[in-house]
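Me: I want to work through this model in short questions and answers. Please give the reasoning first and the value or name last.

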Amino acid sequence: MFDFITNTTRPKQDKNQSNALKPKHREANEKSDEFCFRPFFFSKAYLIDTYWTPPTTNHFPPTSLSSPSLKVQATTPMAYSNIVHNGDFSDGLEPWYPNACQAFVVSSDSSSSDSGYAVVTNRKETWQGLEQDITPQVSPGVTYNVSACVGVSGPFHESSQVLATVRLERDDSPTEYLFIGKTYASRDKWVDLEGTFSISNMADRVVIYLEGPAPGKDLLIRSVTVKDSTSRDFQRCTAHPDI
């Protein structure tokens, strides 16, 4: 704006030369023109400076605003969202998929607030379980906290080990596995499985999966939550101890 005002300033002329070449009434008109020209632009600049303020680093609106949608944005930043999709299986099985076995979702009772749980069955190997591709949602150098509510089912009474793992697939190198955590689950009881992982070098494909128990036993999964290390808000099994 101010560059424009500078560029439009008329060049200086010799007073004697300019007065000699033009009538008195034109000289007076030009002086009047120049006087009117500047306040117009300065008034515009003043209006802009009055109604416009430079942006700040805080992009969230003040909580005193009356709009409910703006208040939600101010109190729920993206850092606290679960990076796995359909972590409570409320939308069925997708985008989870079984690894060399079978899986389905048991819907909750209509009178219950629970969303149901996934059943991983027809397992022939311990590593067979349920997995999800989370490549677009993770970044290298970030620590992620993982919490899962799991159980087991089958004709047995001893506890069984359940593990959470991240698989890193790269086109130009062997597959790498990152151990997240493990727990021991007994029949008819939900237990928490918790752990962390961090990726030092980004892979072409990042997959999180739950595996175990021993072949012939079904793996039950009520929920899976993965959040960055700034969040401590996880869904736990304590509210649903019994399967």
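Me: Where does Pro 213 lie?
Reply: The model is predicted, so local features need pLDDT of at least 70 and side-chain atom pairs pLDDT 80 or more, while totals for chains, interfaces and linings use all residues. Residues are numbered from 1 along each chain as its sequence is written, and side-chain values use heavy atoms, without hydrogens and water. Helices (H or I, at least four residues) and strands (E, at least two) are DSSP runs numbered from the N terminus. By that numbering, the place of Pro 213 is the loop between β9 and β10.

Me: Which residues does the other cis peptide bond join, apart from Gly 212 to Pro 213?
Reply: Most peptide bonds are trans. The bond from Gly 212 to Pro 213 is cis, with omega near 0°. Another cis bond, with omega about 0°, ends at Pro 95 in the loop between α4 (68-75) and β1. The residues it joins are Glu 94 and Pro 95.

Me: How many helices and strands are in the chain?
Reply: Read from the N terminus, the elements run α-α-α-α-β-β-β-β-β-β-β-β-β-β. The count is 4 helices and 10 strands.

Me: Which strands stand at the edges of the sheet that contains β3 and β10?
Reply: Two strands pair if DSSP finds at least two bridges between them. This open sheet has 5 strands with antiparallel pairing, in the order β2-β3-β10-β5-β8. Each edge strand has a single partner, so one side of it has no neighbour in the sheet. The edge strands are β2 (102-106) and β8 (191-198).

Me: Which residue in β10 stands opposite Val 119?
Reply: Strands β3 (residues 117-121) and β10 (residues 218-228) run antiparallel, joined by 3 bridges. In β10, the residue opposite Val 119 is Leu 220.

Me: In the sheet β1-β4-β9-β6-β7, what is the bridge partner of Arg 167?
Reply: This is an open sheet of 5 strands with antiparallel pairing. Within it, β6 (residues 160-170) and β9 (residues 205-211) pair over 7 bridges. The partner of Arg 167 in β9 is Val 207.

Me: Why is the ring pair Tyr 117 and Trp 190 classed as it is, and what is the class?
Reply: Rings of Phe, Tyr and Trp (its six-membered ring) pair if their centres lie within 6.5 Å; planes under 30 degrees apart count as stacked, over 60 as edge-to-face and the rest as tilted. The search of the whole structure finds 3 aromatic pairs, among them Phe 89 and Trp 96, tilted at 5.7 Å centre to centre and 35° between the planes. For Tyr 117 and Trp 190 the centres are 5.3 Å apart and the planes at 70°, so the class is edge-to-face.

Me: How many residues apart in the chain are Tyr 117 and Trp 190?
Reply: Both residues are buried (under 20% relative accessible area with a 1.4 Å probe and protein chains only; exposed is over 50%, partly exposed in between). Tyr 117 is in strand β3 and Trp 190 in the loop between β7 and β8, and this pair links distant parts of the chain. Their separation is 73 residues.

Me: Is Asp 188 buried or partly exposed?
Reply: Most residues other than glycine have a negative phi. Asp 188, in the loop between β7 and β8, has phi near 75°. Asn 86 also has a positive phi, about 55°, and is buried at 13% relative accessible area. At 43% relative accessibility, Asp 188 counts as partly exposed.
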